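Cysteine pairs are a convenient way into an unfamiliar structure. The paragraphs below follow them along the chain, beginning with how one link turns about its bond.

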Amino acid sequence: MGKNIQILFREMRISDYIFIVVIWANLILVAYLGFSNYQNSAKVAISQGNGEVIIGWFESLASKLETDEPIQPQACKPIDEDSKFTKGAKANIWKDCIEALFAAKGPFESYVNLLKPDGPAYAMKCNKKDLLTSGSYIFEKMTINPAGPSSVSPMEPGEKLITGLNIRLSLCDTGYYLVKIGEFKL
């Protein structure tokens with residue numbers, strides 16, 4: 001058997017050796033890319049699970065509003081649709097709420113951008129020109145259209161928090177496409 005292998009290698013040309021090296025290099029590259037993609041998909045799955053917890057928090061906020069329970073942080077308390085026109089009534093804005101949620105001692109302080117550790121935990125939109133938005137949570141305002149599908153726009157920092165506001169939570173994935181997690185109503 002040893003003689004057969006020696007004969008095999010003796011009859012091989014340099015191009016045959018190069019071909020074998022290229023095949024091994026391709027196999028190593030495919031294994032590396034497969035493992036890297038698996039790790040990224042696991043991070044996206046964890047972020048989606050965290051996003052479902054965020055939606056659950058906002059749904060419990062709505063139930064607390066109905067029963068007049070105290071709300072923490074106060075920056076996320078929406079104003080009633082009826083009292084938004086009342087003189088002296090001050091509505092909280094989205095920027096203050098989202099910063100309080102992800103700040104130190106906020107309910108989601110441990111939620112970070114798992115795909116890009118240097119990136120923000122949340123962003124206004126998923127942007128291919130800003131590479132750090134990959135892995136960020138995207139909050140979008142949904143406006144109900146009775147004649148057709150709902151229109152969706154980014155939650156602006158100055159958006160006033162009013163009860164009944166429909167919001168969709170998505171995740172910006174590695175290809176800078178939105179992965180829809182769910183919707184909630186204030």
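In this predicted model, the torsion about the S-S bond of Cys76 and Cys97 is about 100°, so this disulfide is right-handed. Cys76 sits in the loop between helix H2 (14-66) and helix H3 (94-102), while Cys97 belongs to helix H3 itself; the pair therefore ties together parts that are 21 residues apart in sequence. From S to S, the distance between Cys76 and Cys97 is 2.0 Å. Both cysteines, Cys76 and Cys97, are buried.

In general, a disulfide is a covalent bond between the sulfur atoms of two cysteines. How many disulfides does the structure hold? There are 2, and the other part of the account concerns Cys126 and Cys172.

A disulfide joins these cysteines, Cys126 and Cys172, with 1.9 Å from S to S. Cys126 is found in the loop between strand E1 (122-123) and strand E2 (137-143), and Cys172 lies in strand E4 (residues 166-172), so this link ties together parts that are 46 residues apart in sequence. The angle about the S-S bond of Cys126 and Cys172 is 60°, and the link is right-handed. Are Cys126 and Cys172 buried or exposed? Cys126 is buried, and Cys172 is buried too.

The pairing can also be read along the chain. With bonded cysteines counted in chain order, the disulfides follow the pattern 1-2, 3-4.

Key
Residues are numbered from 1 along each chain as its sequence is written. This is a predicted model: local features need pLDDT of at least 70, side-chain atom pairs count only at pLDDT 80 or more; totals for chains, interfaces and linings use all residues. Side-chain values use heavy atoms; hydrogens and water are left out. A disulfide is a pair of cysteine sulfur atoms within 2.5 Å. Helices (H or I, at least four residues) and strands (E, at least two) are DSSP runs, numbered from the N terminus. Buried means under 20% relative accessible area, exposed over 50%, partly exposed in between (1.4 Å probe, protein chains only).
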